[in-house]
Amino acid sequence: MIDWPNVTVAAQLAPPPGPEELKRSKCVLGLIPVVYYSALLCVGVPVNVLTAVVLSRLACRTQKTLYYYLLAVTGSDILTQLFIIFVGFLLETAVFHREVPALLLQAVSAAEFAANHASIWSTVPLTVDRYVALCHPLLHRRISYPERARRVIAAVLALSLASGVPFFWWSDVWRSSRAPSALDAALIWTHVVLIYFLPCGIFLVLNSLIVRTLRASPPPRPPEPAGGGGCQEDAGPQRRRRQRQRRLGKTTAMLLAITSAFSVLWAPRTAVVIYHLYGASVHLDWRVHLAYDLSNMLAMLNTAVNFFLYCFVSRPFRETVRAVLPLPWAPGARCQRGGALRRQPAPAHASVSSLCSGKYYKRSQRDGAGQMSLRGASHAV
């Protein structure tokens, strides 16, 4: 990040720079990280708040555990944006400079790691839930309900908060001029295992089992023509089976999109942190400094992309977004409004079946009258 001077200390009282300060790497990006994180915060927080509102409506309406887990992921992303982007990158760098006491910086560092772990590990119960739903549907019906999902989410958040405590002693890689110690190495390896290697291993195994199960499942049979009573009786279960497979395919696509985005966006930062431990230091090599800044910017992008993934994959999510934000330029809003104006109100006592079949009543009468006239003409001949 940018090396802002301490403006509260007079220039004549400042000690002369030592050899380590003279060799210190400079941030070649200048103000680009500050502008980037400000824009990401201004866009990401409102988008995540909108996502939380939409998911809460879907969770209350459907009572599905999927939306509760997605709501936990969204809440953790908001905490990550507030603690890491706002407090860590913006306040400490552009506002507080170096005036903050070391104890407060270490406490903020522990909170940042706790929020980061919560944001990543909230996706693990979602993956496990989708695996059980696809591979063990009977077990999923028995153990998957909102109360259990809320208990699992609370346990994950508590463990994430506890896992951030050891990182109270995390050294600042931008300002620390000494070589990484044994404690630094232990914390770095714990960090990369918790945020990348262990979750990615779980995602890889469970997603592979999910994809294999989907490929091994027989495709639904096409609907047979309604000729006998048996075909009509089997049409209902076949239709429900096709709808279930289509719904599971969409949720699986959403899960694969979330985990793939995380794996791609967090891979560069993991590699740079390990290289900082065994190769050149961020403090001394400007190229490692640049790579670390860019990898952090790429990793924080993961906290603002889920909304667009949900909109791309899930139709109920898009419809709920339109209900929450009734914008005139929203997709489909003009067509729906025009159809509502052209549609005449139905009587209050009319049933659904009568409304559905009413539009065919006049047509059937007209067709029946035409057939009767043709039959009368043939008898006359």
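Helices α4 (residues 102-121) and α5 (residues 123-135) have axes that come within 5 Å and cross at roughly 10 degrees. Angles under 35 degrees count as roughly parallel, so α4 is roughly parallel to α5. Keep in mind that this is a predicted model. Below are the details of that helix pair, then the nonpolar cores and the salt bridges.

**Where α4 meets α5**

- On the α4 side, the contact is made by Ser119, Ile120 and Trp121.
- On the α5 side, Thr123, Val124 and Pro125 do the job.
- Sorted by type, the residues of this contact come out as four nonpolar, two polar and no charged.

**Nonpolar cores**

- The largest nonpolar core has 29 residues.
- Which residues have the most contacts inside it? They are Leu70, Leu126, Phe307, Tyr310 and Phe317.
- Plenty of helices chip in: α2 (32-62), α3 (65-95), α5, α7, α8 (182-216), α9 (229-278), α11 (306-313) and α12 each give two or more residues to this core.
- Leaving aside residues up to four places away in sequence, Tyr310 touches Thr51, Leu55, Leu70, Thr74, Met254, Ile258 and Phe317.
- Another core, of 21 residues, lies apart from the largest one, and its members include Val34, Phe89, Ile120 and Trp266.
- Ile120 is worth a second look if you are browsing the structure: this residue belongs to the 21-residue core and is also part of the α4 contact with α5.

**Salt bridges**

- How many salt bridges are there? The count comes to three.
- Asp129 and Arg130 pair up through their side chains, with N to O at 2.8 Å. Both of these residues are buried.
- Glu147 bridges to Arg150, where the closest N and O atoms are 3.7 Å apart. The two sit three residues apart in helix α7 (residues 146-163), so about one helical turn separates them.
- Glu147 is partly exposed, at a relative accessible area of 41%, and Arg150 is also partly exposed, at 41%.
- Arg315 and Glu319 make a salt bridge too, at 3.1 Å from N to O. Here the partners are four residues apart in helix α12 (residues 315-324), which again puts about one helical turn between them.
- Is Arg315 buried or exposed? With 51% relative accessibility, Arg315 counts as exposed, because the cut-off for exposed is over 50%.
- Glu319, its partner, has a relative accessible area of 41% and is partly exposed.

Key:
Residues numbered from 1 in each chain as written. Predicted model: local features only at pLDDT ≥ 70, side-chain atom pairs only at ≥ 80, totals over all residues. Heavy atoms only, no water. Salt bridge = Lys/Arg side-chain N within 4 Å of Asp/Glu carboxyl O. Buried < 20%, exposed > 50% of the residue type's maximum accessible area, 1.4 Å probe, protein only. Axes fitted to C-alpha atoms, helices over the stretch in contact; angles between N-to-C directions. Parallel < 35°, antiparallel > 145°, perpendicular 65-115°, else oblique. Contact = heavy atoms within 4.5 Å. Nonpolar A, V, L, I, M, F, W, Y, C, P; charged D, E, K, R; others polar. Core = buried A, V, L, I, M, F, W, Y, C linked by side-chain atoms within 4.5 Å.
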